[in-house]
Amino acid sequence: MDTQLGNRFKERAIREMFARIAPCYDLVNRLMSWGQDNRWRRVAVSLACPGRGRVLDAATGTGDMALELARHTDSVVGLDLCQEMLSRGQTKTEKKGLRSSVDFIMGDALALPFGDNSFDCALNGFALRNVADISLFLAEQRRVVKPGGRVVCLELVRPASGLVGTFYRFYLNRMVPVLGRWLSGDGKAYQYLPDSVGCFLSVADLQKMMKDVGFHQVGYRSLNLGTIAVHVGVK
Ligand SMILES: C[S@@+](CC[C@H](N)C(=O)[O-])C[C@H]1O[C@@H](n2cnc3c(N)ncnc32)[C@H](O)[C@@H]1O
């Protein structure tokens, strides 16, 4: 199967999965992260240093990162390929009175519908494991960010060894699928979560990939006892 066709298949499966879990996505995130997920997004936003300007939240989902960004910058674009996830984001933005600062757009983050150098920075949260081509996803964000702008990636990372790793693996592999099935009624989606973390890149691999894509000053900050990482690269 050629790569483009493979990507289309993965994108379709991912879009259908997120469409199914969209109604309970935020609740499950809050419970599974023990109420910490928005704190991690705040760290990602602080590392992006958006200031005033136009910021992209790629694979925005239900828009939690976009909402956090809207408190710190003039204009936010949240892009995702799943309309059911975006609609939740739109509703939340309206309720919070931030409608004028956030635009939600349905689109493919692997072929961003924006010109080169059109954003001051770009972020993505819990997206890397879910895109069909990580390098292309990073390269597209690098393309649309202005020279000197940052791209910030917040993601769960492969469990470390040692006691924390053992507990984390147990939580992720045994408890998350059960909890996810119970809360969302979709066991398959929440079995996919530990599977996708288990085969995801290490922090060092991701750092190398960002450098290969052309970012400089690439670094990362570990959160939650090393189970979450925020990678930053500069165009
Ligand atoms: C785990 S959710 C993360 C949502 C959000 N960023 C957050 O912080 O909760 C992953 C999202 O990636 C989106 N996605 C996957 N591939 C995509 C692509 N090629 N273009 C746009 N969105 C994509 C999915 O539709 C889903 O909403």
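This passage describes the surroundings of the ligand and the packing of two helices in a predicted model.

The shell around the ligand comprises 21 residues, of which Tyr25, Ala59, Asp80, Ala109 and Gly125 come nearest. By class, this shell divides into 11 nonpolar, six polar and four charged residues. Polar contacts to nitrogen atoms of the ligand are made by backbone as well as side-chain atoms: a backbone N or O atom of Ala59 lies 2.8 Å from a nitrogen atom of the ligand, a polar side-chain atom of Asp108 lies 2.8 Å from a ligand nitrogen, and for Ala109 a backbone N or O atom is again found 2.8 Å from a nitrogen atom of the ligand. Taken alone, the ligand exposes 590 Å², and the protein buries 98% of that area. Two or more residues of the shell are given by each of the elements α1 (3–21) and α2 (25–32), with α1 providing the largest share, three residues.

The helix α2, which contributes to the ligand shell, also packs against helix α3 (residues 37–48), at an angle of about 90° and with the two axes 8 Å apart. Because angles of 65 to 115 degrees count as roughly perpendicular, α2 is described as roughly perpendicular to α3. In this contact, Tyr25, Asn29 and Arg30 of α2 meet Asp37, Asn38 and Arg41 of α3, and the residues involved are, by class, one nonpolar, two polar and three charged. Tyr25 thus appears both among the residues that come nearest to the ligand and in the contact of α2 with α3.

Key: Residues numbered from 1 in each chain as written. Predicted model: local features only at pLDDT ≥ 70, side-chain atom pairs only at ≥ 80, totals over all residues. Heavy atoms only, no water. Near = heavy atom within 4 Å. Polar contact = N/O pair within 3.5 Å; in protein donor to acceptor, adjacent residues only side chain to side chain. Areas by Shrake-Rupley, 256 points an atom, 1.4 Å probe, with all protein chains shown as cover. Helix = DSSP H or I, 4+ residues; strand = E, 2+ residues; numbered from the N terminus. Nonpolar A, V, L, I, M, F, W, Y, C, P; charged D, E, K, R; others polar. Axes fitted to C-alpha atoms, helices over the stretch in contact; angles between N-to-C directions. Parallel < 35°, antiparallel > 145°, perpendicular 65-115°, else oblique. Contact = heavy atoms within 4.5 Å.
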